[in-house]
Amino acid sequence: MQDVKKADLVIIPAIGGHLEYAIKRNQELLLWIVQHYKSGAEVASLCLGAFLLASTGLLNGKSCSTHWLFANEFRTMFSEVTLTDHKIIVEQNGLYSSGGATSYWNLLLHLIEKYAGREMAILASKFFVLDIGRDSQSPFSIFKGQKMHDDAEIKKVQDFIEINYQKKVTVNELSDKFGIGRRTFERRFKKATNNTVIEYLQRVKIKAAKKHLELTRKTVNEVMYDVGYNDTKAFRDVFKKVTGLSPLDYKNKYNKDTAA
């Protein structure tokens, strides 16, 4: 590593296991990355390599992506970084990051296009049978409520929402039910979960809707009613906002009976 005097591009591979331990073991590498970035190199992290990149401090005040499954851990560890975990590729000031697992191929194609041109990127995508246009990992993500916090009352609210996702529940009703003033309730919920109450309600409902669309023969309208929506447009808009696909497109993509 110390033999490298000048770099144009530094690629940080994905890490695994205990993330904080991996970061601690690579402190020397973090300083090396910062040194080369300040000397003009661009830096790209693959998947969970974003944890190492964020640990350098270079991403503070900037945006990045990483594997959707580790979004909660990332936000907890690096509050100064804006995580856009729905994105496959994020590029900012010569710093690149990619989403989960094999999405690093999309970042590599992006880098090939930048350094070798569009024609070469298209050739590489065809040779390796890759979709060069993919830019979102939202359809693949599975919502897991952020419960790695110490606010016991908010955890009870989360449990209530997840059990009663079929019902139409308002923020005022939740605030009254758990005896917390609305403004305090919204502030505490956002601080604990990194979601507003409305966002959390929506994401729990859409998670349930995705399961229905994947595993049952129910129509989109039937699923909509099952998860507590009665407005087709509202359901479609929220579903697409969360997953990047319309409910029908999602069903066609993931339900084997439909695909058959």
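In the predicted model, Asn93 counts as exposed because its relative accessibility is 55%, above the 50% cut-off. Asn93 is placed in the loop that links β5 (89-92) to β6. Its phi is near 55°, a positive value in a residue other than glycine. Most residues other than glycine have a negative phi. The two strands on either side of this loop form a hairpin with two residues between them, and Asn93 belongs to the turn. Pairing of β5 with β6 is antiparallel and extends over four bridges. Within this pairing, Val90 has Ser97 of β6 as its bridge partner.

A positive phi is also found at Asn194, where the value is near 65°. Asn194 lies in the loop between α9 and α10. With a relative accessible area of 30%, Asn194 is partly exposed, because this value falls between the cut-offs of 20% and 50%.

The helices that this loop connects were examined next. Two packed helices are described by the angle between their axes and the distance between the axes. For α9 (residues 182-193) and α10 (residues 197-215), the axes come within 9 Å and cross at roughly 55°. The arrangement of α9 relative to α10 is therefore oblique. On the α9 side, the contact is made by Phe185, Glu186, Phe189, Lys190 and Thr193, which meet Val197, Glu199 and Tyr200 of α10. Sorted by class, the residues of this contact are four nonpolar, one polar and three charged.

Strand β6 (residues 95-98) also takes part in a parallel pairing, being joined to β2 by three bridges. In that pairing, Val43 has Leu95 of β6 as its bridge partner. Strand β2 is further joined to β1 (residues 9-12) by four bridges, and these two strands run parallel. Here the bridge partner of Val10 is Val43 in β2. Val43 is thus bridged to Val10 of β1 and to Leu95 of β6.

In a regular strand the side chains alternate between the two faces of the sheet. In β2 (residues 42-45), Glu42 and Ala44 are on one side, while Val43 and Ser45 are on the other. These four residues are all buried, and both faces of the strand are covered.

A further buried position is Ser65, in the loop between β3 (63-64) and α4 (71-77). Ser65 counts as buried because its relative accessibility is 0%, under the 20% cut-off. A polar atom of the Ser65 side chain lies 2.6 Å from the backbone oxygen of Lys87. When neighbours within four places in sequence are left aside, the contacts of Ser65 include Leu83, Thr84, Asp85, Lys87 and Val90. Also among them are Ala50, Ser97, Ser98, Gly99 and Gln137. Two of these contact residues, Val90 and Ser97, are bridge partners in the pairing of β5 with β6.

Over the whole chain, 14 helices and six strands are assigned. The C-alpha atoms fill a box of roughly 60 × 45 × 30 Å, taken along the principal axes. Of the 260 residues in the chain, 43% are buried. Among contacts with a separation of 6 or more, 59% involve residues 24 or more positions apart.

Definitions and conventions:
Residues are numbered from 1 along each chain as its sequence is written. This is a predicted model: local features need pLDDT of at least 70, side-chain atom pairs count only at pLDDT 80 or more; totals for chains, interfaces and linings use all residues. Side-chain values use heavy atoms; hydrogens and water are left out. Axes are lines fitted to C-alpha atoms, for helices over the stretch in contact, and angles run from 0 to 180 degrees between N-to-C directions. Angles under 35 degrees count as roughly parallel, over 145 as roughly antiparallel, 65 to 115 as roughly perpendicular and the rest as oblique. Contact means heavy atoms within 4.5 Å. Ala, Val, Leu, Ile, Met, Phe, Trp, Tyr, Cys and Pro count as nonpolar, Asp, Glu, Lys and Arg as charged, and the others, Gly among them, as polar. Buried means under 20% relative accessible area, exposed over 50%, partly exposed in between (1.4 Å probe, protein chains only). Two strands pair if DSSP finds at least two bridges between them. A polar contact is a pair of N or O atoms within 3.5 Å; within protein, one must be able to donate a hydrogen and the other to accept it, and residues adjacent in sequence count only if both atoms are side-chain atoms.
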